[in-house]
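Hi,

Here is the structure I promised to pass on. Have a look at it first, and my notes on what turned up follow below.

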Amino acid sequence: MKKHECISAHILENIQSGNMLPNEKLPSLREMANIFQVSIGTVQSAYDSLEHDNFIYSIPKKGYFVLGVNERFKAVSPLIDFFSGSLDTRNIPIHDIQQCMLKAINLYTTQAYRYTAPQGHKDLLKIMKTHLEGYQVYTDTDNIVMVSGSQQALDILCRMPFPNGKDKVLVEQPTYYGVLKSLEVNNTPREGIKRGFEGLSLQELDRIFHYDNIKFFYTIPRFHNPTGQSYTIEEKQAIVKLAKKYNVYIVEDDIAADFDTSNKRCPLHYYDIHDHVIYIKSFSKIVQPGLRIAAIVLPQLLLNTFIDFHRWTDTQCATLSQSTLAIYLSSGMFKKNTKMIRDIYVKRMAKLQEIADTLNDNDIEWSIPDSGFYACMKINKEIQFDQIQLELLKNRICLMDTRMFFLNEFKNNNYLRISISKANEDEIALGINKLVKIIKNHLFDESIDAPKYKEHFDLDWIY
Ligand SMILES: Cc1ncc(COP(=O)(O)O)c(C=O)c1O
């Protein structure tokens, strides 16, 4: 793909995903040239072609603006979104959440606008203790802290000192992009360990825990983002055992726990009898990401340091969000809606499995869990995402660049995350067939000098 095409594709992606809104001003030619490290002429070509195709318009002396393309796209054909990682707006019981928010304002009247204790609203902490037991997480109310999303908890954990006196963070490769960014912005020393479709090597984990100065191992044991994989009971028990042996903490990000159909899959926290597991449960994927709310369960030795860092970062998690969640959980709405949402995703994954089975292609390996948002494709030949991106967009398919989930030294071109969070069964059937065709047409051809991956492609999407 030529440089100006990369820029056009990037802008189109932003427009199609709703990241850029109609009438929003685009960066000036000079700003864009700086971002992409290209000449102004190259940006001009990109803008000219987008203007020609009616995606943007220009006003002399003012600049370039996004056309009302969202409407235009709807008229052409709907976008198939394998990109997003949040609940489908077509299925969210938004009315229930609004009701809880209104009730929270009425019930708590002036309290809704006051500070709570730094650990959280006392009513919510009580409800949360019982709620966590539903995930097989047994703890005291005193060990729970309500935070403004799991991203905030991860950021604090990257920054704060640990009682084991060690300084490095170990991450699975690939892993959730937001944790990589937290490590980067906080300058936290880090290490990676491969977690492919075949799982993670416990020997390698033992070696790293033994020889590297690991303060904690960040893991997403269930419905992993981006591979969709989950650890077995034996793997979880072995990881917890190693953590104790080498005095390494485990940060367990259990964001997708609500999608699990089996109550036999306990978290790592359940197997931890030596207080080495920090458990994080976000409500972004099952309630609303904009509420910015998650619970973290901390071992006693880390509790005060964490509360201190949290307090002087954010004071507390927003009172209104806490009261809303307390009502949503205690009213039974959470339970009812979670079942409804889980059933939708189980059906979508089954559809994806059915389509993958019919494709039966030697170049593509699949990881398709029985629920959750993410499945993954492993292409056994190299693909250049930059090359397929424009073609995907022309076919009205949005897909994330999965290279973002890798540390530089692990970066590769073989994995593609497929999110079905916003694609229904019909869209999955149509989109996956198209996607596989496009990939097959772009299996790596060494004669093409493909553009190298550039950080600026990941501008501001993390999910
Ligand atoms: C695995 C994982 N952890 C954490 C987060 C951040 O979630 P929150 O909205 O709770 O900060 C995300 C967001 O997509 C995620 O996928």
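**Helix packing, and the rest**

Helix 9 and helix 10 run roughly parallel to each other, because the angle between them falls under 35 degrees. To be specific, helix 9 covers residues 202–211 and helix 10 covers residues 233–246, and the two pack at about 20° with 10 Å between their axes. The crossing of helix 9 past helix 10 is right-handed. On the helix 9 side, the contact uses Leu202, Leu205, Asp206, Phe209 and His210, while helix 10 brings in Ala238, Ile239, Leu242 and Tyr246. Sorted by class, that contact has seven nonpolar residues, one polar and one charged.

Before I go on: keep in mind that this is a predicted model.

**Helix 7 and its two partners**

Helix 7 (residues 150–159) turns up in two of the packings I looked at, one with helix 8 and one with helix 12.

Take helix 8 (residues 177–185) to begin with: its axis is 9 Å from that of helix 7, and the packing angle is about 35°. Helix 7 goes past helix 8 in a right-handed crossing. If you want to pull up the contact, select Gln151, Leu154, Asp155 and Cys158 from helix 7, plus Gly178, Val179, Ser182 and Leu183 from helix 8. That set splits into four nonpolar, three polar and one charged.

Then there is helix 12 (residues 300–314), whose axis comes within 10 Å of the helix 7 axis, with a crossing angle of roughly 120°. Helix 7 and helix 12 are therefore oblique to each other. This crossing is right-handed too. Here helix 7 offers Gln152, Ile156 and Arg159, and they meet Phe306, Phe309, His310, Thr313 and Asp314 of helix 12. By class, you get three nonpolar, three polar and two charged residues in the contact of helix 7 with helix 12.

**Around the ligand**

Which residues come nearest to the ligand? Out of 15 around it, they are Gly149, Ser150, Gln151, Ser282 and Ser284. Gln151 is worth a click, since the name also appears in the contact of helix 7 with helix 8. As for the make-up of the whole shell, it has six nonpolar, eight polar and one charged residues.

**Backbone oddities**

A few spots to check if you are preparing the model for your own work:

- Gln173 and Pro174 are joined by a cis peptide bond, with omega at about 5°. Pro174 sits in the loop that links strand 5 (168–173) to helix 8.
- Going from Asn225 to Pro226, the peptide bond is cis as well, and omega is near 20°. You will find Pro226 in the loop between strand 8 (214–219) and helix 10.
- Asn23 is not a glycine, yet its phi is positive, about 75°. This residue is in the loop between helix 1 (3–16) and helix 2 (29–36).

**Domains**

Where do the domain bounds fall? The domain assignment gives 1–76 for domain 1 and 96–331 for domain 2. Between the C-alpha centres of the two domains there are 38 Å.

That's the lot from me.

Cheers

Notes
Residues are numbered from 1 along each chain as its sequence is written. This is a predicted model: local features need pLDDT of at least 70, side-chain atom pairs count only at pLDDT 80 or more; totals for chains, interfaces and linings use all residues. Domain bounds come from an automatic or database domain assignment. A residue is near a molecule or strand if its C-beta atom, placed from the backbone, lies within 6 Å of it. Ala, Val, Leu, Ile, Met, Phe, Trp, Tyr, Cys and Pro count as nonpolar, Asp, Glu, Lys and Arg as charged, and the others, Gly among them, as polar. Axes are lines fitted to C-alpha atoms, for helices over the stretch in contact, and angles run from 0 to 180 degrees between N-to-C directions. Helices (H or I, at least four residues) and strands (E, at least two) are DSSP runs, numbered from the N terminus. Angles under 35 degrees count as roughly parallel, over 145 as roughly antiparallel, 65 to 115 as roughly perpendicular and the rest as oblique. A crossing is left-handed if the near helix is turned anticlockwise from the far one by less than a right angle, and right-handed if clockwise. Two residues are in contact if their C-beta atoms, placed from the backbone, lie within 7 Å.
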